[in-house]
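Q: Please take me through one part of this model in close detail, and then say a little about its surroundings.

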Number of protein chains: 2
Amino acid sequence: MRVIDLERLEQQLKAHSYKLTRQRRAVLRVLATTDGRLDAARICEDARAECPEIGLTTVYRTLDILADIGALRRLHLPDGCHSYAPASPGHRHHLICVGCGRAVEFEGCDLTALVDSVASKTGFEVEGHWLQLMGRCPECQSKRK
Amino acid sequence: MRVIDLERLEQQLKAHSYKLTRQRRAVLRVLATTDGRLDAARICEDARAECPEIGLTTVYRTLDILADIGALRRLHLPDGCHSYAPASPGHRHHLICVGCGRAVEFEGCDLTALVDSVASKTGFEVEGHWLQLMGRCPECQSKRK
DNA sequence: CCCCTAATTGAACATGGTTTTCATTTAGTA
DNA sequence: TACTAAATGAAAACCATGTTCAATTAGGGG
């Protein structure tokens, strides 16, 4: 699963004719192999294991690109707004562990009834939604005792 | 409705034994009487109409307090993360206009089926969720033409 | 396979929003 | 009214992110 993630990310970059540099590869690898909460500084730190000369600037640029092409989603946590997780194509959301920050994707939200009702009550045209579930992953549940 | 909002906000501050200063009153009034997008700088600017000597520092401190006691919710917009809207008690969400930033509350999201299914698939204990709808308010719809 | 060029990069600096510090002021109680 | 802890504002510190620019490099064309 992880290897596929990494390859898919590389494919996506290529598909948009971005060059596959060592720095970008390192960032992709970090994204593909980490479960935890990932802000830019942390990604940079981890990426240096594979590419020691990478700078924070490049990490930000790479994250921007990946978010642009939809390969990455920004997660919005209560305590801060910029963690990142790789995103599968299609309409997905994330379930985030409040203990360790791990993010898991899920799909199949059906909000049409809610959206219709809110739209007719308010007169808004609803264009999209943004949903995240917060919880505790199995490991953090057992750690708790 | 607006007056009630204001009084309720003041009550909530008192209930947590925070002092009701002129500065805080000014911030509360701004929150209670504005529909638009409200970041800290904007709130400060507006608050100076009622309390010219208020500083940005105090605005931030007041917003933190209000968020802590649940009187205020932070809204997370695609382009930035810190706008604020007063929050009614109970379980509500916000519908946000992508044109002007106006935020409207709604309630009645029913996600139990989704939550159950995701919980059993992932092993997470789901503790809460976070939902925002994005759309276009009536005014911004007509402005568009 | 190597050259060429546009894309990419890193360091340093700029920026902008938020927080901290600290001396002064003030709300609310006795 | 006096007192005291809480609250305030200005300035400085801080931190994440963005920009600049000269140097480097990926990857296609020869």
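**Helix H5 of chain B**

A: Let's start with the cover: the buried residues of H5(B) are covered by elements including strand S3 (92–97), strand S4 (103–107) and strand S5 (125–136) of chain A, together with strand S5 (125–136) of chain B. This is a predicted model, with local features needing pLDDT of at least 70 and side-chain atom pairs 80 or more, while totals for chains, interfaces and linings use all residues. Residues count from 1 along each chain as written, chains are lettered from A and ligands numbered from 1 in written order, and side-chain values use heavy atoms, without hydrogens or water.

H5(B) spans residues 112–122, and Leu114(B), Val115(B) and Val118(B) are buried in it (under 20% relative accessible area, 1.4 Å probe, protein chains only). These three sit on the same side of H5(B), because they cover an arc of only 95° around the axis (taken from the directions to the C-beta atoms). Turn to the face away from that buried side and you meet Thr112(B), Ala113(B), Asp116(B) and Ser120(B), which are exposed (over 50%). Just after H5(B) comes Gly123(B), with a positive phi of about 80°.

Now for DNA strand C, which 19 residues surround (a heavy atom within 4 Å). Thr21(A) is among the closest, and a polar side-chain atom of Thr21(A) lies 2.5 Å from a phosphate oxygen of the strand. From chain B, a polar side-chain atom of Lys19(B) lies 3.1 Å from a base nitrogen of DNA strand C. Sugar or phosphate accounts for 66% of the strand's atoms within 4 Å of the protein, and bases for the rest.

Key. A polar contact is a pair of N or O atoms within 3.5 Å; within protein, one must be able to donate a hydrogen and the other to accept it, and residues adjacent in sequence count only if both atoms are side-chain atoms. Helices (H or I, at least four residues) and strands (E, at least two) are DSSP runs, numbered from the N terminus. Contact means heavy atoms within 4.5 Å.
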